[in-house]
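Me: I am new to protein structures. Can we go through this one in short questions and answers?

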Amino acid sequence: MSRDPDWEADLLRYNMRRPFLREQSIWAVWVYRWGRRIEARPPGLQKKLFNALYWIAFRLVETAFGISLPRTAQIGPGLRIWHFGNIFLHGEVVIGSGCTLRQGVTIGNRREGGAVPVIGDDVEFGAYAQVLGAVHVGDGARIGALSVVLDDVPAGATAVGAPARIVARQVPELKIDFNKD
């Protein structure tokens with residue numbers, strides 16, 4: 001089996017021995033990464049067999065743990081899911097690296113066939129947060145628990161409420177080089 005750096009980054013975020021025995025959410029992340037590896041395989045009988053096994057595993061994890069991470073979604077390395085259950089992503093969602101999801105998070109479209117969110121790197125979602133429609137959530141943003149995000153959230157901002165509004169923004173760190181002539 002070839003190395004999967006995205007999966008290795010996911011495991012690092014869980015930061016524990018034997019995560020498969022301690023965290024139900026790691027099963028969903030593993031099935032997602034496995035599905036992505038299957039999609040990358042060349043066509044043939046082996047891919048068809050793995051696809052059939054993937055769909056069984058996907059439905060079992062989705063039903064047992066309430067986490068739906070379709071392999072068609074683009075999720076960067078280092079995904080961490082805390083407090084599994086009721087997590088649903090649209091199949092066309094794009095999520096950056098190092099993101100954190102908590103129970104009840106939904107990321108998808110507002111209407112059938114509509115646009116879906118694009119999530120930056122290192123974004124944290126509180127419990128039961130919803131991000132819907134053609135929304136961009138910038139790097140390092142925080143989405144509060146029970147928030148409903150329908151508009152863009154800038155990088156480093158914290159959005160809370162239903163509908164969500166920006167309540168805080170991280171001030172970028174100034175880097176001054178005192179040794180410069």
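Reply: Yes, with one term to start: buried means under 20% relative accessible area, exposed means over 50%, and partly exposed lies in between. Keep in mind that this is a predicted model.

Me: Is D10 buried or exposed?
Reply: D10 lies in helix α1, which spans residues 5-14. Its relative accessibility is 0%. The cut-off for buried is under 20%. Therefore D10 counts as buried.

Me: Which residues does D10 contact, leaving aside neighbours within four places in sequence?
Reply: Contact means heavy atoms within 4.5 Å. Neighbours within four places in sequence are left aside here. The contacts of D10 are then V29, R33, G76, P77, G78 and L79.

Me: R33 is on that list. Is R33 buried or exposed?
Reply: R33 is found in helix α3. It touches D4, D6, W7, D10, I75, G76, P77, G78 and L79, not counting residues up to four places away in sequence. Its relative accessibility is 2%, so R33 counts as buried.

Me: How many aromatic pairs are there?
Reply: Rings of Phe, Tyr and Trp pair if their centres lie within 6.5 Å. By this rule the count is nine.

Me: What kind of aromatic pair do W34 and F50 form?
Reply: The ring centres of W34 and F50 are 6.4 Å apart, with 70 degrees between the planes. Planes over 60 degrees apart count as edge-to-face. The W34 and F50 pair is therefore edge-to-face.

Me: How many residues apart are W34 and F50?
Reply: W34 is in helix α3, residues 25-39. F50 is in helix α4, residues 45-65. The pair links distant parts of the chain, and the separation is 16 residues.

Me: Which of the terms buried, partly exposed and exposed fits F50?
Reply: Its partner W34 has 16% relative accessibility, so W34 counts as buried. F50 has a relative accessible area of 24%. That value calls for the term between buried and exposed, so F50 is partly exposed.

Me: What is the angle between the planes of F65 and F84?
Reply: F65 and F84 also form an aromatic pair. F65 is in helix α4, and F84 is in the loop between β3 and β4. Their centres are 5.9 Å apart and the pair is edge-to-face. The angle between the planes is 90 degrees.

Me: Which residues form one aromatic cluster?
Reply: W34 and F50, already met as a pair, both belong to the cluster. In full, the cluster is W30, W34, F50, Y54, W55 and F58.

Me: How far is the charged end of R80 from the centre of the W82 ring?
Reply: R80 lies over the face of Y14, at 4.0 Å from the ring centre. The charged end of R80 also sits over the ring of W82. There the distance from the centre is 3.6 Å.

Me: What is the area of the nonpolar surface patch?
Reply: The patch is made by L49, L53, I56 and L60. L60 is in helix α4. At 56% relative accessibility, L60 counts as exposed. The area of the patch is about 400 Å².

Me: How far apart in space are P117 and G76?
Reply: P117 is found in the loop between β7 and β8. It counts as buried, at 0% relative accessibility. P117 and G76 are 41 residues apart in sequence. In space, C-alpha to C-alpha, they are 14 Å apart.

Terms used. Residues numbered from 1 in each chain as written. Predicted model: local features only at pLDDT ≥ 70, side-chain atom pairs only at ≥ 80, totals over all residues. Heavy atoms only, no water. Phe/Tyr/Trp six-rings, centres within 6.5 Å; stacked < 30°, edge-to-face > 60°. Helix = DSSP H or I, 4+ residues; strand = E, 2+ residues; numbered from the N terminus. Buried < 20%, exposed > 50% of the residue type's maximum accessible area, 1.4 Å probe, protein only. Lys NZ or Arg CZ within 6 Å of the ring centre and 35° of its normal. Patch = residues over 30% accessible without salt bridge, like charges linked within 9 Å, V, L, I, M, F, W, Y side chains within 5 Å. Areas by Shrake-Rupley, 256 points an atom, 1.4 Å probe, with all protein chains shown as cover. Salt bridge = Lys/Arg side-chain N within 4 Å of Asp/Glu carboxyl O.
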